[in-house]
Protein chains: 2
Amino acid sequence: MSTQAAHPSLLIPGPIEITDEVAQSMSYYAQSHVGQPFVNVFGETLTLLRDLFQTKNPGSQPFVIAGSGTLGWDLVAANLVEPGEDVLVLHSGYFADSFADCLSTYGAKPTQLKAPIGDRPQLPEIEAALKAKKYKAVTVTHVDTSTGVLSHIQPLADLIRKVSPDTLLVVDGVCSVGAEELHFDNMAIDVALTASQKAIGCPPGLSIMMVSEKAMNVFKSRKSPPGSYYASFKNWVPIMQNYEAKKPSYFATPPTQLVQALNTALKQLLSQPIAARVAQHQKISKYVKSEIMKMGLKQLPIDPANAANTMTAIYLPEGLTPPEILPKLMAQGVVFAGGLHKEIAARYIRFGHMGVTAMDESRGEIDKALNALKSGLAEIEKAKN
Amino acid sequence: MSTQAAHPSLLIPGPIEITDEVAQSMSYYAQSHVGQPFVNVFGETLTLLRDLFQTKNPGSQPFVIAGSGTLGWDLVAANLVEPGEDVLVLHSGYFADSFADCLSTYGAKPTQLKAPIGDRPQLPEIEAALKAKKYKAVTVTHVDTSTGVLSHIQPLADLIRKVSPDTLLVVDGVCSVGAEELHFDNMAIDVALTASQKAIGCPPGLSIMMVSEKAMNVFKSRKSPPGSYYASFKNWVPIMQNYEAKKPSYFATPPTQLVQALNTALKQLLSQPIAARVAQHQKISKYVKSEIMKMGLKQLPIDPANAANTMTAIYLPEGLTPPEILPKLMAQGVVFAGGLHKEIAARYIRFGHMGVTAMDESRGEIDKALNALKSGLAEIEKAKN
């Protein structure tokens, strides 16, 4: 029996649909945040994140903190970069602008490398930028939720290691972790940050991050204190290490129910190899994108090789706007998202296909969504004629 | 039928027991954070906070942000105080030290006015401090969860208005809002910050705050930009105002299920007058404290008039430590908290009696806890002889 009431299918690029088991964990009874039963669950959750991010280096440091995904940027900007230091921000949509804003807040000097909407900066220009100036870090949005653009991490990591090996590689994996190819150790990633409500399949409210041993050493050797209190590694690292060692510890009260839900979501996620999960997301994405193409609709990423597997950003037919089509979808029990990239927001919609929606085909949500889009467009077309 | 599994009674000073309705709201199905159904619920929740804090001034600004209660300090320190400005921190326990730490992080200069453990700074010394230097703000911990000390807001507010009317009055109401006397307008409070998991009766994960029109104007006239990104009023104020106007808006994804649970908790809380709720907490507190006294145990607050109504901090008999008594309580299905104030942590325990535990006497949790404490102590005494 489902624990969730009947509801429209949430097919936006996060929050996503949750399983009944995750929903049930959300209503876990009140627990002491320093009592052993909860301490054990939180500790296990932190260890499970090592498997999710695919890191075997015991020096890698996981974080789970109450907050939105956005908090991950503060964690990076306030702890791993010092005032006056340069950061190269690879721009593939809305989220690079915001990350740059966050970096500036804490005194860093972000330089954005931009690309046309639906594209991403290319390796030769990144190489030139890295050779022109010493950057403390490079940030990249793995999947930019505003454009559906996928950035490939391995070649970027290879380039940084070759040209500027001290530079930290920071991956904003909010819309990718748990669904796109991301191997923390093999790709020599320094920071991978994400949120609970995307491909991990937990409700929103948790900022989740993995930090490499190298980046932790950079933090330890910083000259100025962290620029934030709530987002300070100084405050959180002992807490995370104590919890993972199954010892109670207090800085701020963790969201006990959300941690229970994350624990459940991670166990479901890790019940099969991550590679199989990534492959399934790729398969579903390919299917969605080919069906969208058959409908005669254009997609945002200019080069299909740059398209995310977790979502599809779809241009509407000329003259049609999201407020016209989204209610037609809703009438059929399908929730898509409107546009987010300011310059083109009125011209496109976004379809998230990750987590349980992609993994459990028996739910039928993918075809339900495609059919709703097809018939919604046909209805509008018919009304015009 | 209860939606919650059988579990020990959580009687710590937060998180607290939640009602079945709140637990059920936590497992709400996934919703779009910018879809009208959720926007309406979030908007209504913000408006309900005006009733909770008792403010009728439309210029008062409510905030609900994913985070622990601690985040409220960053919101104050990064937005309402500028680098180099002085803040008077009234110390009644652990939490003043942390708030001062947070203020320093963002460049403010905190001056702590301390008192012996179990006491709080007195009005004459506060008056002298306010006359000696110009303070941008005074912070006070309404109930210090580490000591159970209650600070009285009205006389402090009167003093500030008389001696230093420009100074902002910031009340850390984490362990008080929803149970102690706090009238935002009548007391001319500028900031009241709290968390979801204390007397409000929602699970942890939300930083909740009300800011006065005067303080909002102080923010608008600041010369330097806010010191935080995630805790920036600049980023959040438009979002809160849009949601309250039932318009979708995006800065960071709100924790949709926690907001549903807060909405339910607030409706339950506001189903009766706040004065009646405060009176019931006072009645339960008086009963608990007199029963503890009958057991021959001392309490932390030196003057009973300084004792919180939401919790009781209890000194253990000479030689007995929390790790000896807490498992005895747990064996009887009662969870108390150990000590938190570093200097005396090994000598006392804390009993939270707020929210549904205090309001719904039919739950029988208060007497269950008192009996467990009594028999636990007797058992230890017996084993010694």
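I began with the surroundings of Lys198(A) and, setting aside its neighbours within four places in sequence, I found this residue in contact with Pro13(A), Gly14(A), Ile16(A), Thr145(A), Val174(A), Cys175(A) and Met354(A). I note here that I am reading a predicted model, for which the scores are ipTM 0.98 and pTM 0.98. For chain A, I looked up a mean pLDDT of 97, with 99% of the residues at 70 or more.

I then asked where Lys198(A) lies in the chain, and I placed it in the loop of chain A that runs between β9 (191–195) and β10 (206–211). I count Lys198(A) as buried because its relative accessible area is 6%, and the cut-off for that word is under 20%. From the UniProt record, an unreviewed entry, I copied the feature "modified residue: N6-(pyridoxal phosphate)lysine", which the record places at Lys198(A).

I turned next to chain B, where I looked up Asn263(B) and found this residue in helix α9, which spans residues 256–269. Its relative accessibility is 5%, so I enter Asn263(B) as buried too.

For the partners of Asn263(B), again leaving aside neighbours within four places in sequence, I listed contacts with Val41(B), Glu44(B), Thr45(B) and Leu48(B). One of these residues, Glu44(B), is also joined to Asn263(B) by a polar contact between the two side chains, for which I noted a distance of 3.0 Å.

As a caution to myself on reading the model, I add that coordinates predicted with low pLDDT should not be read in detail.

Methods: Residues numbered from 1 in each chain as written. Chains lettered and ligands numbered in written order. Predicted model: local features only at pLDDT ≥ 70, side-chain atom pairs only at ≥ 80, totals over all residues. Heavy atoms only, no water. UniProt positions renumbered as here; feature names shortened; annotations may be inferred. Helix = DSSP H or I, 4+ residues; strand = E, 2+ residues; numbered from the N terminus. Buried < 20%, exposed > 50% of the residue type's maximum accessible area, 1.4 Å probe, protein only. Contact = heavy atoms within 4.5 Å. pLDDT = per-residue confidence, 0-100. Polar contact = N/O pair within 3.5 Å; in protein donor to acceptor, adjacent residues only side chain to side chain.
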